[in-house]
Amino acid sequence: MAAAVDVPSCIQLLRSCGAAAGRQLHQLLLKFGHVPSSLPPTNAVLLMYARSSPLHSRDARLLFDEMPTRNCFSYNSLITALFKSGDLHGALRVFRSMPDRNTFSWNAVITGLTAAGVLDTACDLLEEMPVKDAVACNAVLHRYVRCGRVDEAFAMLKRIGPQCNAEMTSSPWNDPFVLTTVVGACADRMKYDFGRQAHARMVVTKIEIDSVLGCALIDMYCKCGDLDSARRVHDGLKHVDEFSLSALVHGYTSCGQLHEALCLFDKVENPSIALWSSLIGGCVPAYHGDAAFVLFVRMLRSGMLPNSSNCASVLNVCGFLGMLKPGQQTHGCALKSGAVNDLIAASALIHFYSKCSLWVDACQAFSELRHHDTVVLNTMVTVYSNCGRTDEARRVFDMIPSKSVISWNSMIVGFSQNGQALDAMELFCEMHRLGLRLDKVAIASVLSASSSICSISFGEQIFGLAIALGLQSDHIVASSLIDLYCKCGNLANGCRIFDRIDDPDEVLWNSMLIGYASNGYGHEALELLKLMQSRGVKPSERTFVGVLSACCHSGLVEEGLRWFYRMKEDFGVSPSAEHYACVTDLLVRAGRLDEAVEFIENMPFKADAISWTSIIGGCKAQGNEALLHKVSKKLMETEISPHSSLYVQLSSTLAAQGDWAKSAEIRSMMRDRRISKNAGYSWIDRA
């Protein structure tokens, strides 16, 4: 009966057929007694099941268990089937049970575990592997690098390196893929010495450096700043192609040597779009905004249509340097060429408008997108939050399929910055309930939300959580906690937190200084400023807001004026609207109203609502009707500010003095200008 079946033909068919036909052949071979008694046809059926859908891994297991004799091929096929079905532990058990293992066995289990993300076990097996193979080494190395665990990849290399015989042809150190991965990792982490050692090994063992490996070496040397070595690698290549040339051009440009890059570039008769992209893209890390735009224009004039890569490069550098007009022109060009429809260019466009604070344009660019990814959606959460459109920000947040920590943090910060403290706190609690990783940004943001409503009990719970996470000494967290205690009037606890920090940075000094100021400790704030200077910390714009506020709350008029004029002369800090508002309030509180009005009118920019509200409050307190009417006339003639508090206070003050006609006129003007009064609310936190 056995002779009725052509076994070699069946084996040949099993190598290429699908599961349905393979089952029929399995039944035929089973019927005539060739399976599972004979090893070659049984192995062919086993391999067919292993290659098929993961659903057939059970069939492979059953057949394997029925086999009276097995060899390495049998075990390897079953291991492949189990990995395909996701049974990692089963595959590892089968591997451990093998009487003999060949190189394929080791490679199969190591690459299978690596693909599944079980890197530590795969690395242990690689070290256990008797003769290290290039396939297994490259799989583990590549995965380490892709996961950002580059330092662990280098540590593994140092451990297994002495075990590899570099003279053998099959050694991992002679494999171009392994070497390319190693050199690429050196480039990412700028491990110059390690990269040079890898290159030296290639020279000693006389490995031919092909285009791919050459590109990796050039990129590594350029990123590490050794342009001479990069040029030598380029000049030593047997066949210089566009990829290696692009790597060198990009390296020269990104290191600020645009002239050398152009000398290489100009030798090419008809540069491709990839070469143009390398030249323009290199201007981004070097912050050569003007050069990037000039090269972009030159490319267009040569008749080359822009792609998403070079449009994105120009938009990124324009956004970073605030080059509005060139960026808008690039946007127009991207629209004409259709490059803006690509997600890379569209994302760069949104970032460009965001960096330029053109939130409406950023929203418009987002609305025209056909596809989104997590990075773009995270950006739009921030954009909508900066526009005050938190409902749209929350809608975009809910659209994100796989929310990262950045997604959650962006939404919490958005709620906190827009006065929606309860929403920020609720979202943080939801994040905590889901067991997501909480970082210093999330902790600091929710502490800021707590301080905005003086919820000290909730804030202290968050601080307890920060201690559990080991974040209590982080400067951002500590600064937010100091702000919370000081806003809640608990200055002593704020000081204790500040004193525990070994080397406070500028942000922490400013938080403590503003804490003293807001609680009326003007002299202590000025003493802290002197201590800050003695520690070598340079006062910033924010520092002087605290200093002027401290003088204002403590009646230190002359001291405050002296610091205001010194900040520009001695520290090079240009006064902002907030500094002018502090000085205005300082003069008003001292009863020097005329001087305060003169100070406002001589400002280099238009006064904001805070300054004029302070003047109106001073007029009301001192009964200065003449000045009050002068201010009201000025407000009615020019649209100074759309802020409701200014007009409401003016109307109320005029009404209190019996000038009902003028008060009604102010209210009417609010309606005409569509200025609505925000509804009042209160919050009491009983700790």
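**Exercise 1. A ring cluster**

Which residues do ring pairs link into a cluster?

*Solution.* Start by remembering that the structure is a predicted model. Then look for F564, Y565, Y580 and F599: ring pairs link these residues into a cluster. To set this in context, the structure holds 17 aromatic pairs.

**Exercise 2. Two ring pairs to classify**

Find how the rings of F397 and W408 are arranged, and then do the same for F544 and W563.

*Solution.* Begin with the two quantities that matter. A pair of aromatic rings is described by the distance of the centres and the angle of the planes.

Step 1: for F397 and W408, the centres are 5.2 Å apart and the planes stand at 80 degrees. Planes over 60 degrees apart count as edge-to-face, and F397 and W408 form an edge-to-face pair.

Step 2: place this pair on the chain. F397 belongs to helix α24 (residues 390-399) and W408 to helix α25 (residues 405-417), so the pair links distant parts of the chain, eleven residues apart.

Step 3: check the surroundings. F397 is buried, because its relative accessible area is 2%, and W408 is buried as well, at 5%.

Step 4: turn to F544 and W563. Their ring centres lie 6.3 Å apart with the planes at 45 degrees, so this pair is tilted. F544 sits in helix α33 (residues 541-554) and W563 in helix α34 (residues 557-569), so the pair ties together parts that are 19 residues apart in sequence.

Step 5: finish with burial. F544 has a relative accessible area of 0% and is therefore buried; W563, at 7%, is buried too.

**Exercise 3. Two surface patches**

Which residues form the nonpolar patch on the surface, and which form the negative one?

*Solution.* Step 1: the nonpolar patch consists of Y287, F320 and L321, which together have about 330 Å² of accessible area.

Step 2: pick out Y287. You will find Y287 in the loop between α17 (273-281) and α18 (289-301). Y287 counts as partly exposed because its relative accessible area is 48%.

Step 3: the negative surface patch is formed by D502, D503, D505 and E506. One of these, D502, has its place in the loop between α30 (491-500) and α31 (506-518).

Step 4: is D502 buried or exposed? The cut-off for exposed is over 50% relative accessible area. D502 reaches 78%, so D502 is exposed.

**Exercise 4. Unusual backbone spots**

Where does a cis peptide bond occur, and what is the phi of M190 and of C454?

*Solution.* Step 1: recall the background. Most residues other than glycine have a negative phi, and most peptide bonds are trans.

Step 2: the cis peptide bond joins V35 and P36, with omega at about 5 degrees. P36 lies in the loop between α2 (19-31) and α3 (39-51).

Step 3: M190 has a positive phi of about 50 degrees, although M190 is not a glycine. Look for M190 in the loop between α11 (176-189) and α12 (192-204). M190 counts as exposed because its relative accessibility is 54%.

Step 4: C454 has a positive phi near 55 degrees and is likewise a residue other than glycine. C454 is found in the loop between α27 (440-452) and α28 (456-468). With a relative accessible area of 35%, C454 is partly exposed.

Key
Residues numbered from 1 in each chain as written. Predicted model: local features only at pLDDT ≥ 70, side-chain atom pairs only at ≥ 80, totals over all residues. Heavy atoms only, no water. Patch = residues over 30% accessible without salt bridge, like charges linked within 9 Å, V, L, I, M, F, W, Y side chains within 5 Å. Areas by Shrake-Rupley, 256 points an atom, 1.4 Å probe, with all protein chains shown as cover. Salt bridge = Lys/Arg side-chain N within 4 Å of Asp/Glu carboxyl O. Helix = DSSP H or I, 4+ residues; strand = E, 2+ residues; numbered from the N terminus. Buried < 20%, exposed > 50% of the residue type's maximum accessible area, 1.4 Å probe, protein only. Lys, Arg positive; Asp, Glu negative; His and termini not counted. Charge placed at Lys NZ, Arg CZ, Asp CG, Glu CD. Phe/Tyr/Trp six-rings, centres within 6.5 Å; stacked < 30°, edge-to-face > 60°.
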